[in-house]
Amino acid sequence: MASIEECRAALEQLSRNLAGSEGDVRKAAAMDRSLTCHLTDLGLTFTGRLRDGRITDVTEAPGRPATKADIRLTMSGDDLVALVGGRLNFASAWAAGRVRLEAGFRDLLRLRTLL
């Protein structure tokens with residue numbers, strides 16, 4: 001099972017990956033939205049903002065998200081680390097029910113470029 005530190009490092013790496021992206025991916029990541037990532041196996045939620053192509057203001061709290069964010073992810077810590085590390089494909093993980101993504105319709109359309 002991935003540790004809290006490994007999951008935080010994966011989110012930091014994801015932020016760096018988004019910041020270094022170009023073209024359509026950079027454009028899709030340039031939104032300003034609240035974001036939560038609930039890690040089911042750790043019973044922990046990371047909360048932050050997707051702003052200007054980066055994930056900023058990241059905090060962590062035990063349990064499920066306290067508020068409903070614009071973009072909501074739910075998965076295990078191992079899956080988060082594997083997704084960011086390129087060892088797990090988002091589409092196949094989502095189709096298998098390993099990753100859950102909830103967002104408004106417009107956000108989902110923009111996010112599809114990132115996935």
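Strands here are DSSP runs of E with at least two residues, and they are numbered from the N terminus. Keep that in mind, since I will use strand names throughout. One caution: this is a predicted model.

Let's start with the sheet. It is open and has five strands. The order is β3-β2-β1-β4-β5, and the pairing is mixed. Which strands sit at the edges? They are β3 and β5, residues 100-103, and each of them pairs on one side only. From one strand to the next, the twist averages 15°.

Now the helices. Helix α1 covers residues 4-19. Helix α1 packs on the sheet and touches β1, β2 and β3. Its direction makes about 165° with that of β3. Helix α3 is residues 77-84. That helix lies across β1 and β4, with β4 being residues 71-75. Helix α3 runs at about 110° to β4.

Next, the β2 and β3 pair. In what sense do these two strands pair, parallel or antiparallel? Antiparallel, over seven bridges. As a reminder, strands of a sheet pair through backbone hydrogen bonds. Look for Arg-51: it stands opposite Arg-54 in β3.

Between β2 and β3 there is a loop, and Asp-52 lies in it. Asp-52 is not a glycine, yet its phi is positive, about 55°. Is Asp-52 buried or exposed? The cut-off for exposed is over 50% relative accessible area. Asp-52 has 53%, so it counts as exposed.

There is a second aspartate to look at. Asp-57 also has a positive phi of about 55°, again without being a glycine. Where is Asp-57 placed? In strand β3. Its relative accessibility is 52%, so Asp-57 counts as exposed too.

Last topic: the inside. How many cavities of 30 Å³ or more does the structure hold? One. The largest cavity has about 40 Å³ of space. What lines it? From the earlier part of the chain, the lining includes Leu-11, Leu-35, Thr-36 and Cys-37. Further along, it includes Phe-46, Thr-47, Gly-48, Ile-55 and Val-58. By class, the lining residues are six nonpolar, three polar and no charged. Three strands each supply at least two of the lining residues: β1 at 32-39, β2 at 44-51 and β3 at 54-62.

Let me tie that together. Helix α1 touches β1, β2 and β3. Those strands each give at least two residues to the cavity lining.

Key: Residues are numbered from 1 along each chain as its sequence is written. This is a predicted model: local features need pLDDT of at least 70, side-chain atom pairs count only at pLDDT 80 or more; totals for chains, interfaces and linings use all residues. Side-chain values use heavy atoms; hydrogens and water are left out. On a 1 Å grid over the protein atoms alone, a cavity is a set of points where a 1.4 Å probe fits but cannot get out, and a pocket is an open set with protein on both sides within 12 Å along at least five of seven lines; lining residues have an atom within 4 Å of a point. Grid points are joined across faces, edges and corners, and a volume is the space filled by probe spheres set on the points. Helices (H or I, at least four residues) and strands (E, at least two) are DSSP runs, numbered from the N terminus. Ala, Val, Leu, Ile, Met, Phe, Trp, Tyr, Cys and Pro count as nonpolar, Asp, Glu, Lys and Arg as charged, and the others, Gly among them, as polar. Two strands pair if DSSP finds at least two bridges between them. Axes are lines fitted to C-alpha atoms, for helices over the stretch in contact, and angles run from 0 to 180 degrees between N-to-C directions. Contact means heavy atoms within 4.5 Å. Buried means under 20% relative accessible area, exposed over 50%, partly exposed in between (1.4 Å probe, protein chains only).
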